[in-house]
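Please work through the exercises below with the sequence and the structure side by side, trying each task before reading its solution.

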Amino acid sequence: LKGASHAHVGSAIHNVGITKLRMQRHYEALQNFEEAVRIRKAALGRDHPQVAVSLVKVGITLLLLQRFEDSLWIFREALSVRKHSLGASHPSTARIYNNIGCVHVEFQELREARRAFEAALDIQRNALSQEPDNGSLLFGAATTLCNLGYLYKNRDMHEKAALVLREALTLHEKVLGKHHVTTLSTLDNLAESCSSSHHYTHSCKYYQELLKRTNNAKHGGGTSSSSSSSMIIQYKLSRVYWNMKEPQKQREVLESILKQMNSSSQQQQNEKEYEVLLERIQKDLNLDDNHDNNDAQHQNWV
């Protein structure tokens, strides 16, 4: 009875920590989660699943506080507990591998990050083979795939990035829908990876699809950011046309953006962004006029 009472206290303190975390009061949340770990270990044993739950929250809070080394140690402890209590192939174990990968990215330890993400993905794919319509599993696998895509892009492995991002897009569309902001972000990254790997036809297709979905959101009552996003996507598309040696299509897109900018009522609200975009458009149009495309320099929008 005493142990059960202590376990309830641990759960209550853990829940307080979650509230503090949502309020971005990270130091207070950390204290709550560490206390919850202590109580749960005493009441339930060091290898109980609830101990791992609180350890993961400690690790996430440390990550938010940029205490990366401490975070990595805690995640490793949580991984050991979770493997012991739930098994090495449990989907919850995959989430910890994903967190460990994120810490390694912060350290620029990209090989270790890749191993952690791939370990997570192996577990998630195995789980999905048994529960293909599980929304939580689908979203978890999509998150891991996006993390791998980010990693591959940073190592200039753009074809591999496109491969995993294409899979992530399919999962995001299934669990979130085609017009969710996360889905659109994945589609944008996929188009960029295709362009960076010189698959310009695919990149063009994905940017056109992204533009279509973004415009649908705008016409459906989207905010000024939708209009701004639409113009940025069109500019990216114009760069793909430049790489495809399609100067006429590039010019048509650039001139279309200029017309939208001139008629936009949101220009004052996004003045700096508009100035940067206008400068780039004018530069590209001038380069086209001078037949000097081979010397053009382009900085990707991120």
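## Exercise 1: Glu-34 and its surroundings

Glu-34 is part of helix H2, which covers residues 26-44. The model is a predicted one, and this applies to every exercise here.

**Task.** Decide whether Glu-34 is buried, partly exposed or exposed, and state what distance separates the C-alpha atoms of Glu-34 and Ser-54.

**Solution.** Begin with the accessible area: Glu-34 has a relative accessible area of 40%. Because buried means under 20% and exposed means over 50%, Glu-34 counts as partly exposed. Next, turn to the backbone, where Glu-34 and Ser-54 are 20 residues apart along the chain, while their C-alpha atoms are separated by 7.5 Å.

## Exercise 2: The nonpolar cores

**Task.** Find which residues touch the most other members of the largest nonpolar core, and which helix gives the most to this core.

**Solution.** The largest nonpolar core has 49 residues, and those touching the most other members are Leu-190, Tyr-207, Ile-257, Met-261, Leu-277 and Ile-281. At least two residues of this core come from each of the helices H6 (110-130), H7 (135-154), H8 (158-176), H9 (181-196), H10 (200-219), H11 (224-243), H12 (247-263) and H13 (271-289). The greatest contribution is that of H7, with nine residues.

To see one member in detail, take Leu-190: once its neighbours within four places in sequence are set aside, Leu-190 is in contact with Ala-162, Leu-165, Arg-166, Leu-169 and Tyr-206. A second core, separate from this one, consists of 28 residues, among them Val-51, Val-56, Ala-78 and Val-103.

## Exercise 3: Two cysteines

**Task.** State how many disulfides the structure holds, and decide whether Cys-194 is buried or exposed.

**Solution.** The count of disulfides is zero. Cys-194 has a relative accessible area of 0% and is therefore buried. Cys-204, with a relative accessible area of 8%, is also buried, because this value is under 20%.

## Exercise 4: The second largest pocket

**Task.** Describe the second largest pocket by asking which residues are closest to its centre and which helix gives the most to its lining.

**Solution.** Start with the volume, which is about 390 Å³ for the second largest pocket. Its lining comprises 18 residues, of which Val-56, Arg-82, Pro-91, Arg-95 and Asn-99 are the closest to the centre. Helix H3 (49-64), helix H5 (91-106) and H7 are the elements that give two or more residues to this lining, and H7 gives the most, with seven residues. Sorted by character, the lining residues of this pocket are seven nonpolar, eight polar and three charged.

Notes:
Residues are numbered from 1 along each chain as its sequence is written. This is a predicted model: local features need pLDDT of at least 70, side-chain atom pairs count only at pLDDT 80 or more; totals for chains, interfaces and linings use all residues. Side-chain values use heavy atoms; hydrogens and water are left out. A nonpolar core is a set of buried Ala, Val, Leu, Ile, Met, Phe, Trp, Tyr and Cys residues joined through side-chain atoms within 4.5 Å. Buried means under 20% relative accessible area, exposed over 50%, partly exposed in between (1.4 Å probe, protein chains only). Helices (H or I, at least four residues) and strands (E, at least two) are DSSP runs, numbered from the N terminus. Contact means heavy atoms within 4.5 Å. A disulfide is a pair of cysteine sulfur atoms within 2.5 Å. On a 1 Å grid over the protein atoms alone, a cavity is a set of points where a 1.4 Å probe fits but cannot get out, and a pocket is an open set with protein on both sides within 12 Å along at least five of seven lines; lining residues have an atom within 4 Å of a point. Grid points are joined across faces, edges and corners, and a volume is the space filled by probe spheres set on the points. Ala, Val, Leu, Ile, Met, Phe, Trp, Tyr, Cys and Pro count as nonpolar, Asp, Glu, Lys and Arg as charged, and the others, Gly among them, as polar.
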